[in-house]
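Hi everyone, thanks for coming. Let me put the sequence and the structure up on the screen, and then I'll walk you through what I found.

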Amino acid sequence: MPARHCAGCPPSSSRQRHGCRPVPASGVIARLFKPSSAITFGFYAPPHTVCQFIGMGPRVSRIFVIGAAGKIGRALVQQAAARGHRVSAMHRSAEQSADLSALDAQPVQGDLLQLQPDALGTLMQDHDVVVFTAGAGGKGGPAMTDAIDGRGLELSVAAAVQAQVPRFLLVSAFPEAGRGKHLSDTFENYMAVKKAADVHLASSSLDWVILRPGTLTDAAGTGRVHAGLAIAYGEVPRADVAAALVALVEQPQVRRRIIELTGGRTPVFEALHQF
Ligand SMILES: NC(=O)c1ccc[n+]([C@@H]2O[C@H](COP(=O)([O-])OP(=O)(O)OC[C@H]3O[C@@H](n4cnc5c(N)ncnc54)[C@H](OP(=O)(O)O)[C@@H]3O)[C@@H](O)[C@H]2O)c1
């Protein structure tokens with residue numbers, strides 16, 4: 001099994017200060033004393049537990065996820081809750097509620113086609129960050145893409161402003177998606193709506209980050225990505241997109257950036273730390 005560092009530790013010097021070391025993916029060895037000291041403690045703990053225990057972990061954030069029952073949404077909910085964040089998981093149907101509770105999230109039922117900004121703003125109150133990863137997924141044709149990826153995003157931005165949630169992370173799409181292929185009208189419309197949503201969020205008063213992943217896959221997460229302001233197109237597992245969103249939640253200094261994301265070689269936290 002490949003070795004890795006505690007996923008929650010900032011890179012390099014602070015990681016050494018924490019005492020986190022490369023360990024098997026099954027856990028983290030935290031050494032609270034230098035190897036040279038007379039007494040050395042070593043023990044296993046779930047990722048980042050030790051760093052949080054000694055007060056060096058990320059600040060706990062209250063995250064409101066829109067599209068929480070989707071594929072990225074579920075991975076995000078699971079990873080964020082596992083790292084101690086408090087997650088409100090907005091979903092459409094009542095049947096999704098139990099699954100989201102089982103991931104240690106607070107399920108919140110809500111439909112972007114039904115909610116008014118006031119009502120959604122009320123649901124968002126007392127959160128630190130909204131993550132929008134909802135989308136029509138091509139179902140319902142251009143009209144549904146307009147309604148969910150487009151107007152649903154605008155509704156969510158208005159609600160976040162009203163609820164005074166300072167930060168907003170949007171899962172968008174790479175502008176190159178579909179380049180070189182014969183695009184259907186539905187896909188062409190999808191790309192136009194995604195870009196218009198980016199424009200809308202970027203012109204808001206919020207502390208936004210727009211994440212543009214390449215083609216999403218259901219492959220297992222690698223914990224490594226390539227992130228940049230402009231990078232070559234590629235694929236990326238949804239689990240790694242979720243990890244990138246968690247890394248962004250934990251790095252509030254990253255703001256007002258459009259970040260492109262594909263699979264890569266850099267540990268996720270480090271890849272997002274550069275911005
Ligand atoms: N496919 C790609 O290669 C690709 C590439 C880049 C970016 N993206 C974008 O990445 C995002 C997430 O992708 P994904 O694979 O996680 O998608 P997904 O599994 O289809 O999840 C989308 C979620 O949005 C929810 N949703 C749809 N309509 C809604 C409404 N009216 N109110 C509230 N929630 C609603 C869906 O709810 P239900 O569970 O009830 O259906 C679903 O849970 C999408 O915005 C997509 O456009 C995709």
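**A short tour of the chain**

Let's start with the contacts: of those in the chain with a separation of 6 or more, 64% are between residues 24 or more positions apart. Please keep in mind that this is a predicted model. The chain has 275 residues, and 41% of them are buried. As for secondary structure, you can count nine helices and 15 strands.

Now, the ligand. How many residues surround the ligand? There are 24, and G70, I72, L112, A134 and G135 are the closest. Three elements each give two or more residues to this shell: α3, at 71-82, α6, at 141-163, and β11, at 215-217. Of the elements, α3 gives the most, with three residues. If we sort the shell around the ligand by residue type, we get 11 nonpolar, eight polar and five charged.

Let's move on to helix α7, which covers residues 185-202. This helix has 18 residues, and the distance from its first C-alpha to its last is 26 Å, close to the 26 Å expected at 1.5 Å a residue. Which residues of α7 are buried? They are Y190, V193, K194, A197 and L201, and yes, you heard a lysine in that list. These buried residues sit on the same side of α7, because they cover an arc of only 105° around the axis. Turn to the other side of α7 and you find D185, E188 and V199, which are exposed. And what do the buried residues of α7 pack against? Their partners are α6, β9 at 167-171 and β10 at 207-213. You'll remember α6 from a minute ago, as one of the elements that give two or more residues to the shell around the ligand.

My last stop is helix α5, residues 117-124. Here the buried residues are L120, G121 and M124. They too cover an arc of only 105° around the axis, so they lie on the same side of α5. Those buried residues pack against β5 at 62-66, β8 at 129-132 and, once again, α6. So where is the positive phi? Look at D126, which follows α5: its phi is near 65°.

To pull this together, please take α6 home with you. The buried residues of α7 pack against α6, those of α5 do as well, and α6 also gives two or more residues to the shell around the ligand. Thanks for listening, and I'm happy to go back to any view you'd like!

Terms used
Residues numbered from 1 in each chain as written. Predicted model: local features only at pLDDT ≥ 70, side-chain atom pairs only at ≥ 80, totals over all residues. Near = placed C-beta within 6 Å. Helix = DSSP H or I, 4+ residues; strand = E, 2+ residues; numbered from the N terminus. Nonpolar A, V, L, I, M, F, W, Y, C, P; charged D, E, K, R; others polar. Expected span 1.5 Å × (residues − 1). Buried ≥ 20, exposed ≤ 12 C-beta atoms within 10 Å, placed from the backbone. Arc of directions from axis to C-beta. Contact = placed C-beta atoms within 7 Å.
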